[in-house]
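Here is a short report on one protein chain. Look over the sequence and the coordinates before reading on.

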Amino acid sequence: MGKHKWSREEIAEFRKKSGAFFYFNKDDSNIFVSKASGLGSTLNWANPLSWLIVAAVVLIIYASRFIK
């Protein structure tokens, strides 16, 4: 199966099968996916852009300590 943007139904089925706490799906090209429970979104940790987003946020927070 190639990479494509998965639908909410496909994501829900994947979560039922994997049962993992973190969403890590190499076949899904989505960066943000809706949470399994509650409102909001979470990251697909198998997507490299997710790691870049987290790194950017950490760098902004770290840099903000030195800029005054």
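Leaving aside its neighbours within four places in sequence, which residues is phenylalanine 14 in contact with? The partners are Trp6, Tyr23, Phe24 and Asn25. Keep in mind that this is a predicted model.

## Overall layout

The protein chain has two helices and two strands. Their order along the sequence is α-β-β-α. Helix H1 covers 8-18 and strand E1 covers 32-34. Strand E2 takes up 41-43. Helix H2 runs over residues 48-64.

The C-alpha trace spans about 50 × 30 × 15 Å along its principal axes. The radius of gyration is 15 Å, whereas a compact globule of 68 residues would come out near 11 Å. Of the 68 residues, 21% count as buried. Take the contacts with a separation of 6 or more: residues 24 or more positions apart account for 13% of them. The accessible surface is about 5500 Å². Carbon and sulfur atoms hold 66% of that surface.

## Phenylalanine 14 and the ring pairs

Phenylalanine 14 sits in helix H1. Is its side buried, exposed or in between? At 22% relative accessibility, phenylalanine 14 counts as partly exposed, because the buried class ends at 20%. Phenylalanine 24 is ten residues away from phenylalanine 14 in sequence. In space, their C-alpha atoms are 9.9 Å apart.

The structure holds five aromatic pairs. One of them joins phenylalanine 14 and tyrosine 23. The ring centres are 5.6 Å apart and the planes meet at 75 degrees, an edge-to-face arrangement. Tyrosine 23 is buried, since its relative accessible area is 3%. Ring pairs also bring in a tryptophan: Trp6, Phe14 and Tyr23 are linked into a cluster.

Another pair is formed by phenylalanine 21 and phenylalanine 22. Their ring centres lie 5.1 Å apart. Their planes stand at 85 degrees, so this pair is edge-to-face. Both of these phenylalanines are exposed.

## Asparagine 25

Asparagine 25 lies in the loop between helix H1 and strand E1. Is asparagine 25 buried or exposed? Its relative accessible area is 3%, so asparagine 25 is buried.

The side chain of asparagine 25 makes a polar contact with the backbone nitrogen of aspartate 27, at 3.0 Å. Beyond four places in sequence, asparagine 25 touches Trp6, Phe14, Asn44 and Ala46. Trp6 and Phe14 belong to the ring cluster. Asn44 and Ala46 are taken up next.

## The loop between E2 and H2

Asparagine 44 is placed in the loop between E2 and H2. Its relative accessible area is 0%, so asparagine 44 is buried. The side chain of asparagine 44 reaches the backbone oxygen of asparagine 30 at 3.2 Å. Not counting residues up to four places away, asparagine 44 touches Tyr23, Phe24, Asn25, Asp28, Asn30, Ile31 and Ser50.

Alanine 46 lies in the loop between strand E2 and H2. At 19% relative accessible area, alanine 46 counts as buried, because the limit is under 20%. With residues up to four places away left out, alanine 46 touches Tyr23, Phe24, Asn25 and Lys26.

## Helix H2

At the start of H2, asparagine 47 makes a polar contact. One of its side-chain oxygens comes within 3.0 Å of the backbone nitrogen of leucine 49.

How far apart are the end C-alpha atoms of helix H2? They are 25 Å apart. The 17 residues, at 1.5 Å a residue, should span 24 Å, so the two values agree. A further distance links alanine 46 to arginine 65. These two are 19 residues apart along the chain, and their C-alpha atoms are separated by 30 Å.

How values were computed
Residues are numbered from 1 along each chain as its sequence is written. This is a predicted model: local features need pLDDT of at least 70, side-chain atom pairs count only at pLDDT 80 or more; totals for chains, interfaces and linings use all residues. Side-chain values use heavy atoms; hydrogens and water are left out. Helices (H or I, at least four residues) and strands (E, at least two) are DSSP runs, numbered from the N terminus. Buried means under 20% relative accessible area, exposed over 50%, partly exposed in between (1.4 Å probe, protein chains only). A polar contact is a pair of N or O atoms within 3.5 Å; within protein, one must be able to donate a hydrogen and the other to accept it, and residues adjacent in sequence count only if both atoms are side-chain atoms. Contact means heavy atoms within 4.5 Å. The expected span of a helix is 1.5 Å times one less than its number of residues. Rings of Phe, Tyr and Trp (its six-membered ring) pair if their centres lie within 6.5 Å; planes under 30 degrees apart count as stacked, over 60 as edge-to-face and the rest as tilted. The radius of gyration is taken over C-alpha atoms; the globule rule is 2.2 Å times the number of residues to the power 0.38. Accessible areas come from the Shrake-Rupley method with a 1.4 Å probe; for residues, only the protein chains shown count as cover.
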